[in-house]
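Q: Could you take a close look at one part of this model for me, and then show me how the rest is arranged around it? I'm at the bench and would enjoy a connected walk-through.

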Amino acid sequence: METLSYQDVNRHVIDRCREGDNRAQYELYKLYSKAMFNVSMRITNDYAEAEDVLQEAFISAFKNLHSYKAEASFGSWLKKIVVNAAINAVRKRKSELVPLEERTVGDVPDEVYEDETEWQVEKVRRAIQKLPDGYRVVLSLYLLEGYDHAEIGEIMGITESTSKSQYSRAKKKLLEIMREPQFAA
Amino acid sequence: MKEGLEKFVSEHRDEFDVFEPRPELWQKICPHVPPIEQVKDKKEAKVISFSFGERASFSADMFFMRVAAAIILLLGCGLTLFLMKQNTPEAAYTIAATTEQAKLRKIAPELVEVEAYYTSQIEEKKSQLTEYDLKVLGLDEQQDIDRELARLDSSYTQLKKQLYTTPNTDKVMGAMIQNLQIRIEVLNRQLEVLQRIEKLQKQRTTQPQKDETSNV
């Protein structure tokens, strides 16, 4: 229900964009640029690269606006474009997003230390930034972008179970980072 | 149910979006965003549609309409020019004359040349005649000659009409040529008369001059 009303709000703007209305395109950009930039930022972990990705994604979105069917919300359609562009950017600088040794599904122990009261948004966010690319992307997609493991597997070209194990390892690593004394400081 | 980290993140989801792109980034995106034509032309060309009620309606794209407009304009110009030319009597006459000429060529091909020859002769004689100032020469006979020539001319046109209808073209043609020859003869006579009068007048004017010089 929430996504439906969300869609309806922007429908006239999207329609005007389809007609090539530049002001409508700017409106749409203003509506989504911040959220999409943060998506891009979390995946690329680089400000300049995240901007390039955002630029590329918006241009491609406006060019392919006619292929957008209202079956999904515009936000999620756009997000998919941004995510794909961002992952491509990360892949360019590093050939392997998921390190080989991580692909074997091992027994990953649950979080040893989860004291919620100590968590702060800023701390978690910075810890995520410290994760290696492979971990960070999977964790961000699952935790923050709301994709399930099947979707992540599809986006990244890995199996669902690889995504699950990768996420577990990423989470473990994240908690480790947060526990580090120099990180708290 | 979500627990631990997942729960915390979903509760504070909005707070995680801390970054913002530079405001000038739109300036980089804007020029690459496809303008109206690119977006629309992929799917549909600009179409103008006409509908005259429910019965007749048609639609055409912009290119077709431009071509159609150009053709209509050209046709309009051509038609007005044609009508203007037709309205001038001269043009009408030449058209009629040429068609008659063609007809004549079919019936009696040799007559066309003969006619052309005699008419040129007649015109020449007539122009020679006009060189003389008849009043000065004291002649009013010209009127009679004109009348005679007009009579010959009308009979000639009658003969020409007959030529189209009668099977015996040789006889009619003979009469026509005779008619032309008579006209030339009449003109020649007149010319002779005028030349003789002129000679006489010259003699009269030169003689007194001679007398004067001899006197001095």
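A: Happily; let's start with Ile184(B). Setting aside neighbours within four places in sequence, Ile184(B) touches Tyr118(B), Gln121(B), Ile122(B) and Lys125(B), where contact means heavy atoms within 4.5 Å. Before going further, please keep in mind that this is a predicted model, in which local features need pLDDT of at least 70 and side-chain atom pairs count only at pLDDT 80 or more, while totals for chains, interfaces and linings use all residues. Residues are numbered from 1 along each chain as its sequence is written, chains are lettered from A and ligands numbered from 1 in the order in which they are written, and side-chain values use heavy atoms, with hydrogens and water left out.

Ile184(B) sits in helix 8 (residues 169-215) of chain B. Helices here are DSSP runs of H or I with at least four residues, strands are runs of E with at least two, and both are numbered from the N terminus. Ile184(B) counts as buried because its relative accessibility is 10%; buried means under 20% relative accessible area, exposed over 50%, and partly exposed in between, using a 1.4 Å probe and protein chains only. The C-alpha atoms of Ile184(B) and Leu149(B) are 9.6 Å from each other, with their positions 35 residues apart along the chain.

The UniProt record (an unreviewed entry) places a "coiled-coil region" at residues 177-204 of chain B. In the model, residues 177-204 of chain B are 100% helix and 0% strand, with 41 Å between the end C-alpha atoms. The same kind of record, again unreviewed, puts a "transmembrane region" at residues 63-84 of chain B. Residues 63-84 of chain B are also 100% helix and 0% strand, and their end C-alpha atoms lie 32 Å apart. UniProt positions follow the numbering used here, feature names are shortened, and annotations may be inferred rather than shown by experiment.

Stepping back to the whole of chain B, there are eight helices and two strands, arranged along the sequence as α-α-α-β-β-α-α-α-α-α. Of its 216 residues, 23% count as buried. Among contacts in chain B between residues at least 6 apart in sequence, 58% link residues at least 24 apart. Two cysteines deserve a glance: Cys30(B) is partly exposed because its relative accessibility is 26%, and Cys77(B) is partly exposed because its value is 45%. Over all chains the structure holds zero disulfides, a disulfide being a pair of cysteine sulfur atoms within 2.5 Å.

Chain A has nine helices and zero strands. Buried residues make up 49% of its 185 residues, and among its contacts between residues at least 6 apart in sequence, 69% join residues at least 24 apart.

A good place to look in chain A is Ser40(A), in helix 2 (residues 22-44) of chain A. Ser40(A) is buried because its relative accessible area is 0%. Beyond four places in sequence, Ser40(A) contacts Asn45(A), Ala50(A), Val53(A), Leu54(A), Val82(A) and Ala86(A). One of these partners, Asn45(A), lies in the loop between helix 2 and helix 3 (47-63) of chain A. Asn45(A) has a positive phi of about 60 degrees although it is not a glycine, and counts as partly exposed because its relative accessibility is 26%.

Further along, helix 8 (residues 160-179) of chain A has 20 residues and spans 29 Å from first C-alpha to last, close to the expected 28 Å; that expectation is 1.5 Å times one less than the number of residues. Its buried residues include Tyr167(A), Ala170(A), Leu174(A) and Met178(A).

Now for the nonpolar cores, which are sets of buried Ala, Val, Leu, Ile, Met, Phe, Trp, Tyr and Cys residues joined through side-chain atoms within 4.5 Å. The largest has 65 residues, and those with the most contacts inside it are Ile43(A), Phe58(A), Phe74(A), Leu141(A) and Met156(A). Helix 4 (residues 74-93) of chain A gives the largest share of this core, 11 residues. Apart from it lies another core, of 21 residues, among them Leu111(B), Tyr132(B), Met173(B) and Leu191(B).

Finally, a word on confidence: pLDDT is the predictor's confidence in each residue, from 0 to 100. Chain A averages a pLDDT of 82, with 78% of the residues scoring at least 70. Within chain A, confidence is lowest in helix 1 (residues 2-18), at a mean of 62, and highest in helix 7 (residues 149-156), at 94.
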